[in-house]
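Please look over the sequence and the model below. Then follow the report through its charges, its cores, its rings and its strands.

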Amino acid sequence: MSKLDNKYDYHLHSLFSSDCETELRDIIDSAKSHELRGIYLTDHNDLNYPETPDNITFDLDIDSYITTLSELSMELLPDFDLRIGVEQGVMPSTCEELNSYSTKHPGIDFIICSSHVVDSLDPYYSEAFKNPDGSYKDVNVIYRHYFEDILYNVEHFSDYNVYGHLDYIFRYGPEKVTAESFSKKHFPALKELIHEILKVIIENGKGIEINTGSLYRGMDYMHPHVEILKMYKELGGEILTFGSDAHDTEHIGYMIEDAAELAQAIGFRYFSTFKAMKPEFIKL
């Protein structure tokens with residue numbers, strides 16, 4: 001496949017996210033310049049997000065968000081397809097409260113469930129990997145806790161369409177995790193746990209994303225690692241989306257076609273689009 005028809009970016013952030021300042025019109029212009037058929041804006045909503053060194057919070061103004069994007073979407077049709085998504089940061093402690101989010105806020109097309117916190121800290125910040133005295137914790141224990149939380153989430157939270165960047169935790173930390181070191185060290189240690197996570201995701205009619213954001217953040221593989229993608233396919237997983245996780249105009253649509261080619265090479269035949277939280281399968 002040299003060119004992806006119906007090219008969408010399913011994971012994008014705008015000024016509605018606390019960690020992004022990109023204007024909506026600039027996002028649209030960039031998406032068009034990258035020949036995208038459409039995009040899903042998926043701004044952050046992380047209920048009870050822990051305190052951080054920079055005092056950031058991720059409380060999405062959902063009513064304003066839906067109103068603004070709905071009006072813009074109608075204006076852009078039929079030439080460009082803008083859909084309304086949310087990246088829902090979920091923790092075991094927030095599953096129950098977030099489980100009716102899309103029902104309470106009609107107009108949402110798509111929800112990414114993401115894990116941004118482990119042991120009450122976001123691994124984006126180095127403090128998540130350190131003891132109070134500054135020494136490093138056992139990183140392998142943190143990795144396992146992270147995936148144990150994901151397993152709890154998928155068993156108790158259902159108001160989502162795809163799980164985002166399943167191995168997000170490996171972007172950060174004191175060691176540089178490569179495609180090779182993940183295959184040789186981390187995947188064998190976590191294989192059974194990841195297998196159970198994927199099995200529950202599939203049984204519940206949910207999917208996963210291929211997230212290319214890791215590639216422009218210094219990693220040498222997309223999220224999740226190909227070992228996880230292969231396992232997902234072998235277990236019968238079919239729902240798949242592609243997203244750049246861009247917080248700027250430069251990376252919108254970043255290597256989306258490469259993600260689609262990877263999916264094809266593994267054996268996936270379709271990707272999914274979503275309207276009003278319902279999937280539609282489109283041939284790769």
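Does Arg 171 count as buried or exposed? At 14% relative accessibility, Arg 171 counts as buried, because the cut-off for buried is under 20%. Keep in mind that this is a predicted model.

## Salt bridges

How many salt bridges does the structure hold? It holds seven. Three of them are set out here.

| Pair | Closest N to O |
|---|---|
| Lys 275 and Asp 109 | 4.0 Å |
| Arg 171 and Asp 245 | 3.1 Å |
| Lys 185 and Glu 175 | 3.7 Å |

Take Arg 171 and Asp 245, which form a salt bridge. Arg 171 lies in the loop between β5 (162-163) and α6 (179-203), and Asp 245 lies in the loop between β7 (240-243) and α8 (256-266), so the pair ties together parts that are 74 residues apart in sequence. Asp 245 is buried, with a relative accessible area of 3%. Arg 171 is buried too, at 14%.

Next come Lys 275 and Asp 109, whose side chains meet in a salt bridge. Lys 275 sits in strand β8 (residues 270-275), while Asp 109 sits in the loop between α4 (101-104) and β4 (110-114). The two residues are 166 residues apart, and the pair links distant parts of the chain. Lys 275 is partly exposed, at 49% relative accessibility. Asp 109 is buried, with a relative accessible area of 6%.

Last of the three is the salt bridge of Lys 185 with Glu 175. Lys 185 belongs to helix α6, and Glu 175 to the loop between β5 and α6, ten residues apart. Lys 185 is partly exposed, with a relative accessible area of 42%. Glu 175 is also partly exposed, with 24%.

## A buried histidine

Where is His 251? It lies in the loop between β7 and α8. Its relative accessible area is 13%, so His 251 is buried. Neighbours within four places in sequence aside, His 251 is in contact with Tyr 216, Ser 244 and Ala 246. Ile 62 lies elsewhere: its C-alpha is 25 Å from that of His 251, and the two are 189 residues apart in sequence.

## The nonpolar cores

Which residues touch the most other members of the largest nonpolar core? They are Ile 39, Phe 147, Phe 170 and Phe 242, in a core of 89 residues. Helix α6 gives the most to this core, with nine residues.

Look closely at Phe 242. Setting aside its neighbours within four places in sequence, its contacts include Tyr 8, Asp 9, Tyr 10, Ile 210, Phe 271 and Leu 284. Also among them are Ile 256, Ala 259, Ala 260 and Ala 263.

There is a second, separate core of six residues. It includes Phe 58, Met 91, Val 117 and Tyr 125.

## Rings

How many aromatic pairs does a search of the whole structure find? The search finds 23. Tyr 10 and Phe 110 make one edge-to-face pair, because their planes stand at 70° and the cut-off for this class is over 60 degrees. Their ring centres are 6.0 Å apart. Tyr 10 lies in strand β1 (residues 8-12) and Phe 110 in strand β4, so the pair ties together parts that are 100 residues apart in sequence. Both residues are buried.

Tyr 124 and Tyr 172 form an aromatic pair that is edge-to-face, 5.5 Å centre to centre, with 80° between the planes. Tyr 124 is in the loop between β4 and α5 (139-156), and Tyr 172 in the loop between β5 and α6. They are 48 residues apart. Tyr 172 is buried, at 16% relative accessible area.

Ring pairs also build a cluster. It links Tyr 143, Tyr 146, Phe 147, Phe 170, Phe 182, Phe 187 and Tyr 221. Phe 147 and Phe 170 were named above for their contacts in the largest nonpolar core.

Charges meet rings as well. Lys 206 lies over the face of Tyr 160, 5.4 Å from the ring centre. The charged end of Lys 283 sits over the ring of Tyr 270, 5.9 Å from its centre.

## The β8 and β9 hairpin

Which way do β8 and β9 run, parallel or antiparallel? They run antiparallel, and six bridges join β8 to strand β9 (residues 278-283). Ser 272 stands opposite Phe 281 in β9. The two strands form a hairpin with two residues between them. In the turn, Ala 276 has a positive phi of about 55°.

Conventions
Residues numbered from 1 in each chain as written. Heavy atoms only, no water. Helix = DSSP H or I, 4+ residues; strand = E, 2+ residues; numbered from the N terminus. Buried < 20%, exposed > 50% of the residue type's maximum accessible area, 1.4 Å probe, protein only. Contact = heavy atoms within 4.5 Å. Core = buried A, V, L, I, M, F, W, Y, C linked by side-chain atoms within 4.5 Å. Phe/Tyr/Trp six-rings, centres within 6.5 Å; stacked < 30°, edge-to-face > 60°. Lys NZ or Arg CZ within 6 Å of the ring centre and 35° of its normal. Pairing = 2+ DSSP bridges.
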